[in-house]
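Here is a short, friendly walk through a few helices and the places where they meet. Have a look at the sequence and the structure first.

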Amino acid sequence: MSDVAFNPELLDFDKQGGLLPAVVQDAANLRVLMVGYMDRAALQKTLEAGQVTFFSRSKQRLWTKGESSGHFLQLVSIDTDCDHDSLLVLARPQGPTCHLQRTSCFPAAPGGFLAELDALIATRENDRPEGSYTTRLFEAGTRAIAQKVGEEGVETALAAVVQDDAALCGEAADLLFHLQVLLRSRGLALEDAVEVLRARHRG
């Protein structure tokens, strides 16, 4: 996300016949979800309603993603490139973005794995599937999870001291996983911690 405030007045709609390409990314894991086009009216509706809206070149009208399927794209932010003739939209998808019921219109689009893991942990917390290690952690409670994070932190530090790279990576992975579970047990997400880091960086 840009540190510069988004200013629609700077956009160059005239360069491409009144339309700007808009790349949509999942705000949680930065996976590219789709590409559409916005005219001034689509951009204004997106900003006002908070649901990503495009100008459909085939329908020749404004089209809010999800208006038929219910799989809306909830707006998080919009940024523009250095030439002010294309848009980067961060959104939270409310279901599959692709009309083929895929997460993304680009089947192999990469996303941040930690964010994917965080989403899976949130699902485990809600569903509590029987036999799941994550379920057992949540049912043990926050205090037990916190103790596990402490244990993994010590093991990570010890692996670093003995200079065993493979062990260090393994223990660090365990620490990251249990830390995410701990955050979820307190009603928080990994992104909440990341946002603190982001704010410190900007400061």
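## A threonine in helix α3

T135 is buried, since its relative accessible area is 5% and the cut-off for buried is under 20%. This model is a predicted one, which is good to keep in mind as you read on. T135 belongs to helix α3, spanning residues 133-140. Leaving aside residues up to four places away in sequence, T135 touches R124, R128 and P129.

## Where α3 meets α5

How do α3 and α5 cross? Their axes come within 10 Å and cross at roughly 45 degrees. That angle makes α3 oblique to α5, and the crossing of the two is right-handed. On the α3 side, Y133, T134, L137 and F138 make the contact; on the α5 side, F177, H178, V181, R184 and S185 do so. Sorted by character, the residues of this contact comprise 5 nonpolar, 3 polar and 1 charged.

## Where α4 meets α5

Helix α4 covers residues 142-161 and helix α5 covers residues 165-185. The axes of α4 and α5 come within 8 Å and cross at roughly 160 degrees. Angles over 145 degrees count as roughly antiparallel, and α4 and α5 are therefore roughly antiparallel to each other. The crossing of α4 and α5 is left-handed.

Which residues make the contact between α4 and α5? From α4 come T142, I145, A146, K148, V149, E152, G153, E155, T156, A159 and A160. From α5 come A167, L168, E171, A172, D174, L175, H178, L179, V181, L182 and S185. The residues of the contact of α4 with α5 split into 12 nonpolar, 5 polar and 5 charged. You may recognise H178, V181 and S185 of α5, as these are also among the residues in the contact with α3.

## An alanine in helix α2

Is A122 buried or exposed? A122 is buried, with a relative accessible area of 16%, and lies in helix α2, which runs over residues 113-127. A122 and S185 are 63 residues apart in sequence, while their C-alpha atoms are 9.2 Å apart in space. S185 is the α5 residue that takes part in the contact with α4 and in the contact with α3.

## The annotated span

UniProt, in an unreviewed entry, lists residues 34-106 as "domain: Phosphoribosyl-AMP cyclohydrolase". In the model, the end C-alpha atoms of residues 34-106 lie 7 Å apart. That span is 14% helix and 38% strand.

Technical notes:
Residues are numbered from 1 along each chain as its sequence is written. This is a predicted model: local features need pLDDT of at least 70, side-chain atom pairs count only at pLDDT 80 or more; totals for chains, interfaces and linings use all residues. Side-chain values use heavy atoms; hydrogens and water are left out. Axes are lines fitted to C-alpha atoms, for helices over the stretch in contact, and angles run from 0 to 180 degrees between N-to-C directions. Helices (H or I, at least four residues) and strands (E, at least two) are DSSP runs, numbered from the N terminus. Angles under 35 degrees count as roughly parallel, over 145 as roughly antiparallel, 65 to 115 as roughly perpendicular and the rest as oblique. A crossing is left-handed if the near helix is turned anticlockwise from the far one by less than a right angle, and right-handed if clockwise. Contact means heavy atoms within 4.5 Å. Ala, Val, Leu, Ile, Met, Phe, Trp, Tyr, Cys and Pro count as nonpolar, Asp, Glu, Lys and Arg as charged, and the others, Gly among them, as polar. UniProt positions are given in the numbering used here, feature names are shortened, and annotations may be inferred rather than shown by experiment. Buried means under 20% relative accessible area, exposed over 50%, partly exposed in between (1.4 Å probe, protein chains only).
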